[in-house]
Amino acid sequence: MTSVTHEGVEHIADTIRAARARNEPLRIVGAGTWLDAGHPCADATRLDVSSLTGITRYEPGDLVLSARAGTSLADIAAATREHGQWLALDPLGSADGTIGATVATGSCGPLASAFGTPRDHLLGCEFVTGSGDVVRGGGQVVKNVAGFDLVRLVTGAWGTLGPITEVTVRLRARPEVDRTLAVALDAEPAETLWRWLRESELTPLAAELLSPSLAAALAVGNGTVALIRLGGNETFVRAASDAVGTLGVAHEVPSSVWDRLARAESAAALAVRVSALPSHAESLWQRALELIAVTGGYAHATCARGVVRCVAPTEGADIDMLRTALLRLADGVSIVGERMPAHLWPALPSARSTRDLEARVRTAFDPAHILNSGVLGA
Amino acid sequence: MSGVTRAAAACALPGTPLAAVSAGIDACVHCGFCLQACPTYLTLEDENDSPRGRIVLMRALVEGTLPPTDADVRTHIDRCLGCRACETACPSGVPYGQLLEGTRATLARVSPNPWIARFILFVFARRPLLWLAMMGGRVTRALRVSALLSRIPGRVGFAMAMLEATRSPVQRADYIASSDGTRGSVALLTGCVMEGLFADTNRATARTLEANGYRTQPAPGQRCCGALHAHAGDLDTARVLARANVAAFERAGAELVAVNASGCGAMMKEYGELLADDPEWHERAKQVASRVRDVTELLAAAGPQPGAPLPLAVAYDAPCHLLHAQRLSEPPLRVLGAVTGLELLPLEGSEHCCGSAGIYNLIEPETSARVLDVKLENIARSGASIVATGNPGCLMQIGAGLLRTGSRARVAHPVDLLDASYSRAALP
Amino acid sequence: MSALRSRLAAIVGDDRILTRTGELRSYEADGLPGYQKRPSLAVFPGTRDETVAVVRVLADTGTPYVARGAGTGLSGGALADDVVLLGLHRLKRIISIDRDNARAVVEPGVVNSRLTAETRRFGLHYAPDPSSQTACTIGGNVAENAGGPHCLKYGVTLNHVLALTVILPDGTVVTLGSPNGEQEGYDLLGAFIGSEGCFGVVLDATVRLTRDPAAIRTLLADFSSVDAAAQAVSAIIASGIVAAALEMMDANTIQAVEASIYAAGYPTDAAAILLIELDGPAAGLEDDVARVIQFCRSAGARDVRVASDPADRARLWQGRKKAFGAMGRISPHLVVQDAVVPRTKLPAVLATIQRIATEHRVNVCNVFHAGDGNLHPNIGYNADDPDEAARVHVAMTEMMQACIDAGGSITGEHGIGLDKLQYMDRLFTAPTLEAMCALRAVFDPDRRSNPGKVIPIHSCSEWRAAPSVRAAAVR
């Protein structure tokens with residue numbers, strides 16, 4: 001494979017090389033959606049990659065698509081829909097978000113329940129290291145074990161190993177029928193939903209539990225509601241709908257509810273995810289409800305993955321109160337911060353045992369530590 | 001280099017039994033599928049004690065990169081049970097049994113087998129000595145010496161337990177089965193240990209065959225089948241014995257030859273290969289071999305007809321030379337299935353060797369005992385009170401193990417169970 | 001060496017160390033015959049603690065080593081060329097099975113199919129199913145990021161490993177990934193899986209278990225041309241039906257299988273067959289089966305039949321899974337290839353492969369995962385014939401180049417190991433190989449863990465820069 005770098009990439013490489021020579025920190029910016037996410041970042045010159053847009057290769061028969069990093073998810077969705085396909089990845093936030101940022105932040109949404117996170121979709125990528133080298137990991141085929149896995153390495157690395165300039169992702173055929181049902185759940189909703197998912201063979205595309213506040217905001221019901229997205233042929237979806245009926249009274253809601261869910265939060269809100277073994281879904285859920293009872297906001301859970309996400313307003317909020325609530329939330333479980341006020345970050349516990357290795361990875365790819373410094377923590 | 005090319009090597013051991021079969025080595029593609037089928041690999045956890053590893057060693061002998069005097073080669077070839085479970089697992093059709101016999105015969109020329117092996121083979125090849133040995137065994141058993149000494153530690157104790165295990169656990173009255181003979185005439189290989197220590201099973205074999213429409217007839221002049229000799233690498237003696245048996249069964253004239261010891265049956269079915277280089281005998285050997293059947297094959301072909309209820313919890317353990325060498329898995333189950341009221345319990349690892357392997361348990365007692373331990377654990381878990389298996393070596397090995405570990409379970413030949421069932425029904 | 005030997009013997013016992021020529025012979029090759037490399041010593045720890053202690057002694061003495069599971073790999077990845085061979089097949093405990101969360105913790109030496117056998121009673125199985133699954137170990141699967149026929153629907157090893165406890169070459173024990181919940185930070189777990197033993201040694205793996213499908217339909221479609229079969233594959237994939245497996249075998253392979261003890265009843269006069277498996281809940285499955293049959297017929301299938309019962313289904317699969325071994329029958333030696341091409345390029349690439357085979361007078365058997373474009377062109381030959389061996393080498397190289405030219409990869413599941421080093425700089429740019437070297441250096445700065453594999457050493461800048469490094473490597 002020859003290196004298919006274009007002018008934009010070369011320019012980025014030059015910029016990085018120059019910055020490295022001057023030891024000047026850079027903040028990688030695409031659409032800018034995630035700028036306020038992650039740990040507070042050191043003041044830095046902006047490295048704008050938003051001009052790298054466009055689908056570079058799309059052969060529908062291969063169900064594989066390559067696009068420059070700045071291409072929006074909406075553009076990818078539009079191009080693939082024409083052929084009855086989709087990138088089954090629905091990160092929360094506006095569809096103007098870019099594929100590059102989605103991969104860099106490892107963002108996903110309810111569809112991760114069935115299709116996994118960006119690491120499971122990514123086949124190849126091009127990125128520019130902190131030394132200004134253009135690297136192309138992976139490839140354009142759906143199965144590939146050639147060489148060490150640079151693709152997984154940069155997925156979720158928040159740009160700290162180099163700005164991603166192009167990605168190749170696996171697509172899927174859109175299901176023949178795509179139907180979303182809303183079911184109100186009473187006692188132990190997370191436990192109920194998790195158990196149903198575990199026992200039902202009719203695996204949905206997504207099954208997201210919504211706190212009463214979120215359900216109300218999306219106008220899908222009163223109380224705690226499970227949104228269940230079913231996809232497949234008509235026979236399957238009919239049988240699956242019947243199975244959802246065993247959870248409670250279900251009613252169909254328009255599929256647009258998923259977009260509304262993705263865009264429900266304000267860019268200023270605090271967002272954190274807590275996770276544990278899926279069998280602990282209920283206790284996680286209760287903690288999340290306790291948090292939002294104090295802070296306001298809402299929670300939603302991908303029960304199949306054992307992940308609960310809490311979104312809380314921060315404008316005018318009492319920071320000490322937030323900190324106390326967060327600490328209670330995080331006690332003994334994994335917590336990952338997405339966005340929060342700068343002075344709250346230090347409160348987040350981190351149990352990473354691999355800091356040493358991670359630091360070495362960082363140094364190997366960005367020797368001068370100039371890329372998005374601080375965004376992944378110290 | 002690409003890994004495609006290699007230096008061609010001439011055979012380093014021309015004219016040896018191994019050289020004669022060495023083409024079989026090339027069939028091995030080194031895939032490793034045999035590893036998990038091999039009891040010695042699973043027990044000893046060294047690839048040298050696996051079929052793939054042993055084939056590598058055989059190849060080294062043929063290519064001359066290891067001498068036949070190499071002590072490690074000898075150790076690992078000796079440790080093979082010869083159960084041929086690897087042949088069942090092998091997608092490339094490596095004739096492992098043949099390779100093993102060829103290798104053992106070649107190594108035996110360089111350094112002889114241990115004295116105990118030679119002594120046993122010597123006895124089995126001589127009728128008067130064999131008769132004496134079996135007589136001694138029967139007396140020891142009758143005087144309950146074997147029962148008394150079966151729990152003492154060491155080889156003697158184990159041998160006594162093996163002898164004690166030959167006592168049949170099922171009671172049955174003698175009955176007379178008359179046959180219409182519609183299924184043809186059958187001559188029985190009476191065998192050495194079978195006639196010597198399992199005479200009841202031989203009688204049961206004749207009765208059950210008669211009860212299922214076969215006409216049984218004697219085949220005088222028959223001798224030891226030669227399996228023990230062949231497996232130990234003494235191919236010359238094996239051939240002498242094979243010729244005697246070919247002649248005896250030709251004289252008997254029966255359409256079929258029934259064998260109730262699966263090790264012997266496997267050997268007799270391979271008489272053609274054993275005498276392949278003997279122009280005078282090859283065709284005759286092939287002809288007799290083609291008439292050989294395991295007794296359960298014959299019974300299964302006839303149904304067999306069901307007997308009276310025998311409420312026993314039975315686990316079936318497949319003798320390697322029935323399952324892997326003769327590739328027979330269903331017939332013994334059909335025989336057990338004809339015993340009404342018999343509850344057949346699943347036995348994990350029933351396809352694995354018990355560690356008996358001819359005279360292996362006497363030559364490699366340590367490895368044999370480790371392989372047997374696994375078998376005994378599985379039997380205990382199965383909850384069976386009877387372990388059915390169709391080979392004298394297995395019956396004695398497993399039976400001894402059960403006695404020595406204080407288990408209440410006992411061993412029986414499937415035909416004995418069918419016979420007991422028939423005897424209760426007073427068939428026909 | 002004798003000092004090292006006695007230190008290791010103090011850990012594992014004298015009988016678990018091999019040093020004599022005769023004993024080491026069995027460990028000179030893995031599942032890819034044709035390469036033989038003699039280890040300087042082989043050591044077989046029986047427990048996790050022993051393994052940790054052994055790796056620490058190796059670290060302490062600066063000794064290079066190669067980890068090996070069952071030695072079923074097909075790229076020469078587990079060959080130890082005059083270095084220590086660390087056998088892990090004795091670490092075969094299934095530590096725990098968590099039925100509720102559908103996961104298991106296993107030691108690296110657990111055989112793939114045994115994990116499935118042990119979890120069957122819970123209605124679960126371990127989804128990655130390489131053809132060697134009855135022999136290969138989970139540790140090896142992690143090292144190679146193993147796939148298998150069913151990874152078309154269920155994903156490869158990467159998608160089924162939640163966490164690993166590994167010991168790095170310097171003796172540090174770390175947990176990569178998280179067995180319970182998300183983790184912030186780099187995806188070191190993802191980087192480790194498929195690192196072919198160059199990053200360290202797995203001590204235990206937490207793997208995801210998959211629910212057994214309620215219903216399975218296995219179809220055998222029979223075509224009179226490879227092209228027609230490839231068209232059927234494209235049609236099925238484009239339809240959105242996600243087959244559990246979609247396998248193709250060409251005429252040569254069919255004949256090899258039918259001549260083996262695993263004869264599966266494949267039509268021996270077919271130019272190609274497709275083995276298609278659909279699974280999942282019963283609801284809707286028959287609709288998909290009907291559509292798949294229709295796609296096959298439209299593409300020109302002579303016959304499509306659905307396996308009548310589980311035994312029939314097992315027989316159809318047995319033929320596929322043992323195909324590689326069955327080829328051992330056709331000719332004395334066999335090269336097993338592994339490459340991936342974009343699925344739409346299958347017909348063209350298969351034609352090119354056939355053209356190359358004809359041109360160089362070699363006998364190629366194609367058996368492959370058509371659903372994901374993962375080809376296995378295997379060439380049977382006689383290595384004792386230098387002319388034929390040379391032609392095979394040239395043909396194989398051209399076939400790999402054809403796959404690269406089609407936008408593919410040089411390995412979909414076997415790994416680079418030793419066998420494919422020569423193609424690495426055709427596939428990756430120099431800075432990319434450099435980045436891979438840098439990543440390896442994070443885990444194994446001294447390149448002691450599986451030295452000489454995956455990345456051609458001339459690709460690493462330190463190698464080019466420092467004559468001392470070069471000299472050391474040559475020694």
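This passage goes through the chain contacts, the domains of chain A, its sheet, and one helix pair in chain C.

The model is a predicted one, in which local features need pLDDT of at least 70, side-chain atom pairs count only at pLDDT 80 or more, and totals for chains, interfaces and linings use all residues. Residues are numbered from 1 along each chain as its sequence is written, while chains are lettered from A and ligands numbered from 1 in the order in which they are written.

Starting with who touches whom: 2 pairs of chains touch, and chains A and C make the most contacts. Here two residues are in contact if their C-beta atoms, placed from the backbone, lie within 7 Å. Chains A and B stay apart, with 18 Å between their nearest C-alpha atoms.

In the A–C pair, 67 residues of chain A meet 69 residues of chain C. On the chain C side, at least two residues each come from β9 (173-177), α7 (188-192), α8 (226-239), α10 (285-299), α15 (424-427) and α16 (430-443). Helices (H or I, at least four residues) and strands (E, at least two) are DSSP runs, numbered from the N terminus. The largest share of that side is the 10 residues of α16(C). Sorted by class, it holds 28 nonpolar, 28 polar and 13 charged residues. For that sorting, Ala, Val, Leu, Ile, Met, Phe, Trp, Tyr, Cys and Pro count as nonpolar, Asp, Glu, Lys and Arg as charged, and the others, Gly among them, as polar.

As for B and C, 31 residues of chain B contact 43 residues of chain C. α4 (51-63) and α5 (71-78) of chain B each put in at least two residues, and α4(B) gives the most, with 4 residues. The chain B side splits into 15 nonpolar, 10 polar and 6 charged residues.

Chain A itself breaks into domain 1 (7-173), domain 2 (177-261) and domain 3 (265-347), with bounds from an automatic or database domain assignment. Taken over C-alpha atoms, the centres of domain 1 and domain 2 of chain A sit 31 Å apart. Their contact uses 5 residues from domain 1 and 7 residues from domain 2.

Chain A also has an open sheet of 8 strands with antiparallel pairing, in the order β13-β10-β12-β11-β15-β16-β14-β17; strands pair if DSSP finds at least two bridges between them. β13 (250-253) and β17 (334-339) of chain A are at the edges with a single partner strand each, so one side of each has no neighbour in the sheet. From one strand to the next, the twist averages 25°. Inside the sheet, β10 (residues 177-184) and β12 (residues 225-232) of chain A pair antiparallel over 8 bridges, and Val183(A) has Ala226(A) in β12(A) as its bridge partner.

Two helices of chain A lie across strands of the chain. Helix α7 (residues 189-199) lies across β11 (206-210), β12 and β15 (298-302), at about 170° to β11(A). Helix α11 (residues 281-295) lies across β11, β14 (270-275), β15 and β16 (307-312), at about 5° to β16(A). Axes are lines fitted to C-alpha atoms, for helices over the stretch in contact, and angles run from 0 to 180 degrees between N-to-C directions.

Back in chain C, the axes of α8(C) and α10(C) come within 8 Å and cross at roughly 145°. The residues in this contact include Ala232(C) and Ile236(C) of α8(C) and Val292(C) and Phe295(C) of α10(C). By class, the contact has 8 nonpolar, 3 polar and 1 charged residues.
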